[in-house]
Each structure stands twice: as structure tokens, then as C-alpha cells.
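I opened a fresh notebook page for this one and wrote down what I looked up, entry by entry. Feel free to follow along with the viewer open.

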Amino acid sequence: MSNSEFTILLVEDDDDIRLSLRDYLKAKGFSVLVSSDGVGAIKILLDSKIDVIVSDYRMDIFGGDYWVRFLHTFCPDIDVIITSGYLRPDFKVPYPVVYKPFDYAELAAMIADIRDKKLER
């Protein structure tokens with residue numbers, strides 16, 4: 001599976017982060033769909049095959065614990081990476097958490113690892 005066949009759903013309410021990270025991941029060859037909140041992300045999940053979700057934790061519209069619980073309940077077969085400038089390391093989330101500010105290259109490497117593991121299955 002090439003990067004272009006691997007689709008990332010990026011859910012981030014901060015315009016600067018969402019758009020710059022989208023552009024960075026696209027430059028790495030990934031297919032990237034974006035949403036600014038959980039509600040828009042659900043629409044994309046209904047219409048598209050998603051391989052990994054990279055999502056901010058705290059968003060005004062359908063974010064936080066409810067969003068994480070939704071993903072865990074209704075998207076159990078999709079890998080998820082949570083980003084946050086809000087969560088503390090002792091707060092339990094059932095997904096890997098990348099704390100802001102984060103290095104885009106490190107996040108891209110995590111995504112590539114997920115892609116490679118899917119290839120092995």
C-alpha cells in the first residue's frame with residue numbers, strides 16, 4: 001500500500017494546525033481528508049474509507065471524551081492518534097496521544113508505522 005492509497009482523516013479545530021498538517025502529510029504523499037470537528041468527521045467517515053484518524057482531543061463541537069468514546073465504540077477497526085495541548089499524561093485515553101506542540105515528522109512516522117503494520121496483516 002503506497003502513501004497515496006492510505007487515507008488519513010485529520011480532525012482539528014485550529015485552522016492553522018489543520019491546514020499546515022494537511023499540507024505536510026500531502027507532501028509526504030498521503031491522501032488526507034479534513035474536518036474541523038467531530039460532526040463533520042462523522043460525515044466523512046460515512047462517505048469514505050479511512051485508514052487512520054488523527055484527531056485533536058478538545059474541540060468545541062463534539063470533541064473530548066464523547067468524541068473518543070464515539071471512535072472507540074463505532075470505529076473499532078480504524079487506528080486513531082489523539083493530539084492534545086490539553087490532556088495530562090495521567091488522563092487515560094484508549095489511543096496513543098501526541099502532545100502539542102508536536103513535530104510533524106514524528107507524527108508522519110507514527111502514521112507510516114500504522115500503514116506498515118496494516119500491510120503485514
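**Entry 1: a buried aspartate**

I began with aspartate 56, which is buried, with a relative accessible area of 5%. I kept in mind that this is a predicted model.

Next I wanted to know which side chain meets aspartate 56 in a salt bridge. I found lysine 100, with an N to O distance of 3.2 Å. I then checked where the two partners sit: aspartate 56 is in strand E3 (residues 52-56), while lysine 100 is in the loop between E5 and H4, so this pair ties together parts that are 44 residues apart in sequence.

**Entry 2: lysine 100 again**

I stayed with lysine 100 and looked for another partner. Lysine 100 also forms a salt bridge with glutamate 12, and here the closest N and O atoms are 3.0 Å apart. Glutamate 12 lies in the loop between strand E1 (7-11) and H1, and lysine 100 in the loop between strand E5 (97-99) and helix H4 (104-120), so parts that are 88 residues apart in sequence are tied together by this pair.

Is glutamate 12 buried or exposed? I read 2% relative accessibility for glutamate 12, so I noted it as buried. Lysine 100 comes out at 24%, which counts as partly exposed. Putting the two pairs together, I wrote down a network of salt bridges that links Glu12, Asp56 and Lys100.

I also looked at the backbone here. The peptide bond joining lysine 100 and proline 101 is cis, with omega at about -5°. I added a reminder to myself that most peptide bonds are trans. Proline 101 belongs to the loop between E5 and H4.

**Entry 3: a pair inside helix H1**

How many salt bridges does the model hold? My count came to eight. One that I looked at joins arginine 18 and aspartate 15, with the closest N and O atoms 2.6 Å apart. Both residues are in helix H1, three residues apart, about one turn of the helix.

I compared their surroundings too. Arginine 18 has 11% relative accessibility and counts as buried, whereas aspartate 15 has 43% and counts as partly exposed.

**Entry 4: a negative patch**

I turned to the surface charges. Asp13, Asp14, Asp16 and Asp60 form a negative surface patch. I picked aspartate 16 for a closer look: it is found in helix H1 (residues 15-27). Aspartate 16 is exposed, and its relative accessible area is 63%.

**Entry 5: two helices, each with a buried face**

Which residues of helix H2 (residues 38-47) are buried? I listed Gly38, Ala41, Ile44 and Leu45. Looking down the axis of H2, I saw these fall within an arc of 110°, so they line one face of the helix. The face turned away from that buried side carries Lys43, Leu46 and Asp47, which are exposed. I noted that Leu46 is among these exposed residues.

I repeated the exercise for helix H3 (residues 64-74), where Gly64, Trp67, Val68, Phe70 and Leu71 are buried. Down the axis of H3 the buried residues fall within an arc of 155°, so they too line one face of the helix. On the other side of H3 I found Tyr66, Thr73 and Phe74 exposed.

**Entry 6: some exposed positions and their distances**

I closed the page with a few positions outside the helices and strands.

- Glycine 85 is in the loop between strand E4 (79-84) and E5, and at 63% relative accessibility it counts as exposed. Its C-alpha atom is 8.6 Å from that of aspartate 56, although the two residues are 29 residues apart along the chain.
- Proline 76 lies in the loop between H3 and E4 and is exposed, with a relative accessible area of 57%. I found 11 Å between the C-alpha atoms of proline 76 and proline 94, which are 18 residues apart along the chain.
- Arginine 121 is in the segment after H4 and counts as exposed at 69% relative accessibility. The C-alpha atoms of arginine 121 and arginine 22 are separated by 27 Å, with their positions 99 residues apart along the chain.

Definitions and conventions
Residues numbered from 1 in each chain as written. Predicted model: local features only at pLDDT ≥ 70, side-chain atom pairs only at ≥ 80, totals over all residues. Heavy atoms only, no water. Patch = residues over 30% accessible without salt bridge, like charges linked within 9 Å, V, L, I, M, F, W, Y side chains within 5 Å. Areas by Shrake-Rupley, 256 points an atom, 1.4 Å probe, with all protein chains shown as cover. Salt bridge = Lys/Arg side-chain N within 4 Å of Asp/Glu carboxyl O. Lys, Arg positive; Asp, Glu negative; His and termini not counted. Charge placed at Lys NZ, Arg CZ, Asp CG, Glu CD. Helix = DSSP H or I, 4+ residues; strand = E, 2+ residues; numbered from the N terminus. Buried < 20%, exposed > 50% of the residue type's maximum accessible area, 1.4 Å probe, protein only. Arc of directions from axis to C-beta.
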